[in-house]
Amino acid sequence: AMGGNHTQPKFILLGITDTPWAQAPLFGLFLLIYVVTLAGNIGLMVLVWVAPSLHTPMYFFLTHLSLADVCYSTVISPKMLTDLLFGNKTISWAGCMTQFHLFALFATAECHLLAAMAYDRHVAVCHPLSYVTAVSPRACWHLVAWSYLVASLSALIYTACTFGGSFCRPRRVDHFFCDAGPVLRLSCSDTHGREVAIFALAAANGLGTAVVILLSYGRVLHAVLAVRSAPSRARAFRTCASHLVSVSVFYGSLFFMYLQPASRHGSRDKVASVFYTVVSPVLNPFIYSLRNKEVKAALGKCRRRILNLC
């Protein structure tokens with residue numbers, strides 16, 4: 001290695017696959033998904049902003065979920081797309097660290113935002129009379145601020161643990177972005193303590209928020225089953241089911257990646273990572289909003305307003 005390389009080592013991202021014929025179809029697929037992710041999430045944020053009927057706690061949390069989705073898919077997808085298109089897979093040490101730090105921040109924030117949304121649904125269904133006070137605008141801001149505060153502190157610790165050692169092997173990251181596991185495998189200093197710290201913090205963030213989500217939806221389903229009217233029971237069931245599908249895709253793939261010992265990691269990691277970095281952000285706006293009457297009504301109003309202007 002050259003002298004300058006010790007101060008600022010470069011990493012090589014091996015990408016999703018090194019099969020030449022697969023690069024172009026994957027580029028097309030991931031470009032389409034990324035464009036739909038941006039359109040769906042930014043569209044939802046704008047709609048909530050311009051439609052007074054959507055100025056409710058649920059949509060307030062949804063806009064922040066959409067913001068987190070846009071941010072962390074943008075941290076990963078453009079670099080992955082250029083790598084697939086041009087085959088230039090190098091990334092600087094600072095670039096690698098920044099990418100991982102921002103990904104960790106927004107993915108952790110997403111866990112806490114999903115928990116806040118589950119709590120909001122729980123209060124709305126199980127305690128409707130105290131909803132206005134329990135989920136006041138101030139309480140909503142506190143929950144969102146808490147999500148970003150915990151995510152910021154967690155991301156600092158994850159990043160320090162991942163990039164705190166020295167790297168002396170060929171710096172080939174066997175992944176399509178700079179993730180903790182593949183980067184730690186390149187370290188030539190002892191990583192056991194740092195791996196334990198990452199595992200413990202990921203477990204606290206992931207399992208802690210997952211418990212809140214499961215308990216909240218459990219209480220919601222219990223309350224729904226007590227409702228006599230079949231149509232409202234079916235509607236609430238559909239809503240809960242679709243939310244839980246989204247949560248399962250996100251958490252299932254995250255837990256697969258971060259809550260298993262380092263020795264167990266292998267080629268399936270990339271497939272699991274695609275689910276929480278690419279699939280989950282594109283699904284969320286459709287699962288959480290497009291099937292709702294309020295969103296459809298707001299979209300209709302906006303469309304009529306635009307047509308009137310034209």
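How far apart do the end C-alpha atoms of residues 196–215 lie, and how much of the span is helix? In this predicted model, the two ends sit 27 Å apart, and the span is 100% helix with 0% strand. Residues 196–215 are one of the stretches that an unreviewed UniProt entry lists under "transmembrane region"; the others in that record are 26–51, 58–80, 100–119, 140–160, 236–259 and 271–290. For residues 26–51, the end C-alpha atoms are 37 Å apart, and the span comes out at 96% helix and 0% strand.

Next, the nonpolar packing. The largest nonpolar core takes in 86 residues, and the members touching the most others are F30 and F103. Helix 4 supplies the largest share of this core, with 16 residues. Leaving aside residues up to four places away in sequence, F30 touches I16, M80, L81, L84, V274 and V278.

Aromatic rings come up repeatedly, with 13 aromatic pairs found across the whole structure. One of them joins F100 and F163: the ring centres are 6.2 Å apart and the planes meet at 50°, so this pair is tilted. F100 belongs to helix 4 (residues 93–126) and F163 to helix 6 (residues 137–163), so the contact links distant parts of the chain, 63 residues apart. Both F100 and F163 are buried. The rings of F176 and F177 also make a tilted pair, with centres 5.5 Å apart and planes at 50°, and these two residues are buried as well. F176 and F177 further belong to an aromatic cluster together with Y72, F103, Y258 and Y276. F103 thus turns up both in this cluster and among the best-connected members of the largest nonpolar core.

On to the charged side chains. Side chains of opposite charge can pair when their charged atoms come close, and the structure holds three salt bridges. In one, K79 meets D83, with the closest N and O atoms 3.0 Å apart. K79 and D83 are four residues apart in helix 3 (residues 57–86), which means about one helical turn separates them; both are buried. Another salt bridge brings together R121 and D120 at 3.0 Å, N to O, and D120 counts as buried because its relative accessibility is 0%.

The remaining bridge runs between D174 and K270, whose closest N and O atoms are 2.9 Å apart. D174 sits in the loop between strand 3 (172–173) and helix 7 (180–184), while K270 is in helix 10 (residues 268–288), so the pair ties together parts 96 residues apart in sequence. D174 is partly exposed at 41% relative accessibility, whereas K270, at 15%, counts as buried.

Terms used. Residues numbered from 1 in each chain as written. Predicted model: local features only at pLDDT ≥ 70, side-chain atom pairs only at ≥ 80, totals over all residues. Heavy atoms only, no water. UniProt positions renumbered as here; feature names shortened; annotations may be inferred. Phe/Tyr/Trp six-rings, centres within 6.5 Å; stacked < 30°, edge-to-face > 60°. Buried < 20%, exposed > 50% of the residue type's maximum accessible area, 1.4 Å probe, protein only. Core = buried A, V, L, I, M, F, W, Y, C linked by side-chain atoms within 4.5 Å. Contact = heavy atoms within 4.5 Å. Salt bridge = Lys/Arg side-chain N within 4 Å of Asp/Glu carboxyl O.
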